[in-house]
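Biologist: Please take one part of this model and look at it closely, in one connected account, with cut-offs given as you go.

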Amino acid sequence: MEEEIKIEDDFTLIRFQNDGSEPFFAQREVGSGLIQFHFGLKGNAKFLFNQGNYTLELKEEKSLLLYNPQKELPLNLELAQNSWVISVIVSIKKFHALFSAEADYITFLSPDNKDKKYYNEGNISPSMAIVLSQLFHYNLHPSIKNLYYKGKGYELLSLYFNRTEDPNAEQCPFLIDEDNVLKIRKAKEIVIANMAEPPGLQELADQIGLNLKKLKMGFKQIYGDTVYGFLFDYKMDFARKLLDSGSYNVNEVGLKIGYSTGSHFIAAFKKKFGTTPKKYLMSINANV
């Protein structure tokens, strides 16, 4: 799914959401003099340039800033399955007007760099994660949707360039603040590290220092799924990569991701990918 929201002239926000089992491709022209901000909320994405000869990866919880005043940088996006990306495209003219007083510390706005191409990869801060999740999980009347997105678009840009990280972000009733975002990210790391034997939800909540309700609601807001729904998708993708490597048989892969019974792993794999691990292996070998 692709949704474009025109915030105002020369300022566009685009939501890319691929909840399917196949990659999603999106293309659009982006003229020179436009700055591109891309935010990976979930999964993985890839930007293709020069007919696919050059690629830039956008991973979960990472951001990309792209700007080239000399030539157009068309947006050619490959969005992996179960992946979400938010892109903001704004003209350098509008951007200068917003940040003219701060141009000295925003590197690519300095006089020395104004005619140079610019590329920067960074982390999505906890405060940015809150705003990005709100852009996917808003529950407002359609008549104020554009106003809401406009406010969030400006908030996102201000947080992107905020050097000190304002901890006072209270827009979300369950996340409350950045400290809780960090705790929920820690929960994700814990279940991935222990995917063969993940802790129970209450145990996980105790480990990260959040109550159960905040863990469940916060995890759903940031990652778009329940803890175990997220873990199931992660385990199946991990299993597919192990099969791709050619180093493990079906039973070994099942054991590695926590299935003591082969039939349970086969059923789970088929639920996710629509085929059995054995047939998947055969299809790989047939294409080699």
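Modeller: The accessible surface of the protein comes to about 14800 Å², of which 50% belongs to carbon and sulfur atoms (Shrake-Rupley method, 1.4 Å probe; for residues, only the protein chains shown count as cover). The model is predicted, with local features needing pLDDT of at least 70 and side-chain atom pairs counting only at pLDDT 80 or more, while totals for chains, interfaces and linings use all residues. Residues are numbered from 1 along each chain as its sequence is written, and side-chain values use heavy atoms, leaving out hydrogens and water.

The part I have chosen is helix 6, residues 212–223 (helices are DSSP runs of H or I with at least four residues, strands runs of E with at least two, numbered from the N terminus). Its twelve residues reach 16 Å from first C-alpha to last, close to the 16 Å expected at 1.5 Å a residue (1.5 Å times one less than the number of residues). At the N-terminal end, Asn211 acts as a cap, with a side-chain oxygen 3.1 Å from the backbone nitrogen of Lys213, and after the helix comes Gly224, whose phi is positive, near 70 degrees.

Within helix 6, Leu215, Gly218, Phe219, Gln221, Ile222 and Tyr223 are buried (under 20% relative accessible area, 1.4 Å probe, protein chains only). Seen down the axis, these buried residues fall within an arc of 165 degrees, so they line one face of the helix (the arc takes directions from the axis to the C-beta atoms). Their cover includes strand 4 (34–42), helix 2 (126–136), helix 4 (178–193), helix 5 (201–208) and helix 7 (227–245).

Terms used:
Buried means under 20% relative accessible area, exposed over 50%, partly exposed in between (1.4 Å probe, protein chains only). Contact means heavy atoms within 4.5 Å. A polar contact is a pair of N or O atoms within 3.5 Å; within protein, one must be able to donate a hydrogen and the other to accept it, and residues adjacent in sequence count only if both atoms are side-chain atoms.
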